[in-house]
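This report goes through one protein model, from the ligand shell to helix packing and single residues. The sequence and structure come before the discussion.

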Amino acid sequence: MVRPAPAPPWLTPARQVPTTFAPRLLGFSLRHGVRGPTARYHAVQLPDPSAAAPRAQKQPKMPFLSPPAPTIIIAGAGIGGLSAALALHAAGFEDIHIFEASSKLTTLGVGINVQPSAVLILRNLGLLPTLQSTGVETQDLNYFNRHGNAIVSEPRGVHAGYAVPQFSIHRGEFQQVLLAAVNERLGADRVHVDHALSGFAQEEGGDTITAHFTRRSSDEPATIPSMRAAVLVAADGINSTARRLLYPDEGPPRFSGRVLWRGCVEREPYLSGASMVWAGHADQKFIAYPISAACAARGASLVNWIAELRVRAADDPDLTPPPADWTKTVPKARFEAPFAAWTCGGLAVKQLIDSTDRVYEFPMCDRDPVPRWSFGRLTLLGDAAHAMYPIGSNGATQAIIDAETLARNLAAATTGDVAGALAAYEAERLPPTAKIVMANRANGPDHVLQLAEERAPEGFDDVHAVIPRAELEAIGAAYKAVAGFEREGVNRRARETEGLAERWLRRRESREKVQTQVRVSEVGAAENGVGVAA
Ligand SMILES: Cc1cc2nc3c(=O)[nH]c(=O)nc-3n(C[C@H](O)[C@H](O)[C@H](O)COP(=O)(O)OP(=O)(O)OC[C@H]3O[C@@H](n4cnc5c(N)ncnc54)[C@H](O)[C@@H]3O)c2cc1C
């Protein structure tokens, strides 16, 4: 369990809020390269989160303080940060700035999955056609043991009766899709690269929060060293600076003892051409799925694969992750030997690995759930809030659901009660995501692989003699319920929000038309000398 941030000594007990867990002060600064806050406390006492946080009204009206538009800062232009920017914009917020630590947003990462519950949100943001022309609509998910015996196969997305697809997509291309929409809708000057959030400060009951930025590419000060806003959303990933400042004793992510090696290679399609393959067991696993619509259009498959091995004993008390750089390639000799004889779903694993040019290494890590994400005008989102094992294909999905929930709650805060809206967002999202973190630690839906390995290590002819059908189905259904993508719920929300993207686009067009007319008449007035100060 994460220990709370200690209250500074000068905070007398009388002023402390009656919570046992929360960092009580806000306003920390972390210079680049310095571990731990430099304790520049600015502001004090936060409201007790357990005291009924006023739930924001569910029916969005006009965003609070509009006009003038409140400024919202998002730290991190990953999937979570960019989705939050788009969701907030669709909810009516205009003045949104995204600060990204990297100096360039390139197509980093390999494959990622987006479950229907998040695809629905992206559909409602008008992004479905672009996703369809970028990623692959996953058709089925197939589990095998390490001998290649089939355990269970289930349809996915629209093939399973969902109103929207499940997508398998390249993380970097997905990020570019979101970035292009942000540039187009919010303006090309709203994503500030080479700006790492380094600290923040807010006064209790004040109207603003100030975010501080540094450059990681050099010692030069950031172009925008600080900015004041109504809200600061920290979507700065598993190594979140904001979270480190709020929970300084937490330390690095928690290593599972397993390492993932990931790569992508173009080859001929296998199974349905849009199939996910999951093989092995908890300590040695192989996963593959195609991720490129462009490649599929050529009759081929760009197959994203993941080889996973346990490298540290499960009972090793050392949870420190080994050093790793997600952007650097590693030699295949580190991991490929144990997979040499594996064949599953028509894929010869060694051949797939051998034909891949670049392989990346990812220690599989997560973080313990924290009891609180929202602190006054600051909140955490995505991996910064709930880093989880990449089991059950949920990291990006949950970040997108966070984004929609945050935008809805802020838009409903018509009185401008930012802290209340952020507390309401946290109340909706923290409990379910904490459950997913824990479910993924217990193997999530991949539990079927572990059962097959434990009950029939030498393989089987009939899986149902090893794991009864009802037990297999129950594991999948239970995980969908925990992760919030049961078909009935998603389809109900899809019906309720049908046409939302189109309505929003129409509203936007008419707003732009009005703005153009206003500009034209202002220019006309200026030319005629009307309204110009003497
Ligand atoms: C380079 C990279 C590659 C990845 N590859 C994969 C993959 O192949 N498959 C997979 O399943 N998941 C991958 N992930 C993780 C996956 O993207 C997330 O689990 C999920 O999408 C949730 O997204 P997020 O926006 O919360 O976090 P992330 O996607 O991690 O995005 C966080 C963003 O914040 C930026 N950032 C970090 N610190 C600061 C700071 N102090 N100030 C401002 N910005 C900051 C980071 O540069 C990053 O752009 C990858 C993440 C990264 C960063």
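For the class counts used below, Ala, Val, Leu, Ile, Met, Phe, Trp, Tyr, Cys and Pro are taken as nonpolar, Asp, Glu, Lys and Arg as charged, and the others, Gly among them, as polar.

## Ligand shell

The model is predicted. The ligand is surrounded by 30 residues, and the closest of them are G76, G78, G80, G109 and G382. Three elements give two or more residues to this shell: α1 (79-90), β10 (196-202) and α9 (395-412). Sorted by class, the shell holds 15 nonpolar residues, ten polar ones and five charged ones.

## Chain overview

The protein chain has 15 helices and 21 strands. Of its 534 residues, 46% are buried. Among contacts in the chain with a separation of 6 or more, 76% are between residues 24 or more positions apart.

## Packing of α1 against α9

Helices α1 and α9 both contribute to the ligand shell. Their axes come within 8 Å and cross at roughly 30°. Angles under 35 degrees count as roughly parallel, so α1 is roughly parallel to α9. The crossing of these two helices is right-handed.

On the α1 side, the contact is made by I79, G80, S83, A84, A87, L88 and A90. On the α9 side, the residues are A396, A399, I400, D402, A403, E404, L406, A407 and L410. By class, the contact of α1 with α9 consists of twelve nonpolar, two polar and two charged residues. G80 of α1 takes part in this contact and is also one of the closest residues to the ligand.

## Packing of α1 against α4

Helix α1 also packs with helix α4 (residues 171-186): their axes come within 9 Å and cross at roughly 35°. The crossing of α1 and α4 is left-handed, whereas that of α1 and α9 is right-handed.

From α1, the residues in the contact are I79, L82, S83, A85, L86 and H89. From α4, they are F174, Q175, L178, L179, A181, V182, R185 and L186. The contact of α1 with α4 divides into ten nonpolar, three polar and one charged residues. I79 and S83 of α1 are in contact with α4 and also belong to the contact with α9.

## L197 in strand β10

L197 is located in strand β10, one of the elements that give two or more residues to the ligand shell. L197 counts as buried because it has 25 C-beta neighbours inside 10 Å, where 20 or more are required.

F213 lies 16 residues from L197 along the chain, and the C-alpha atoms of the two are separated by 4.6 Å. With neighbours within four places in sequence set aside, L197 is in contact with A75, F99, A211, F213, A234, D236, T241 and A242.

## Two loop residues with positive phi

Most residues other than glycine have a negative phi. L271 has a positive value, near 45°. L271 sits in the loop between β14 (254-267) and β15 (275-281). With 18 other C-beta atoms within 10 Å, L271 is partly exposed.

N443 is not a glycine either, and its phi is positive at about 80°. The loop that holds N443 runs between α10 (418-441) and α11 (447-455). Is N443 buried or partly exposed? N443 counts as buried, because it has 20 C-beta neighbours inside 10 Å and the class begins at 20.

Technical notes. Residues are numbered from 1 along each chain as its sequence is written. This is a predicted model: local features need pLDDT of at least 70, side-chain atom pairs count only at pLDDT 80 or more; totals for chains, interfaces and linings use all residues. A residue is near a molecule or strand if its C-beta atom, placed from the backbone, lies within 6 Å of it. Helices (H or I, at least four residues) and strands (E, at least two) are DSSP runs, numbered from the N terminus. Axes are lines fitted to C-alpha atoms, for helices over the stretch in contact, and angles run from 0 to 180 degrees between N-to-C directions. Angles under 35 degrees count as roughly parallel, over 145 as roughly antiparallel, 65 to 115 as roughly perpendicular and the rest as oblique. A crossing is left-handed if the near helix is turned anticlockwise from the far one by less than a right angle, and right-handed if clockwise. Two residues are in contact if their C-beta atoms, placed from the backbone, lie within 7 Å. A residue is buried if 20 or more other C-beta atoms lie within 10 Å of its own, exposed if 12 or fewer, and partly exposed in between; C-beta atoms are placed from the backbone.
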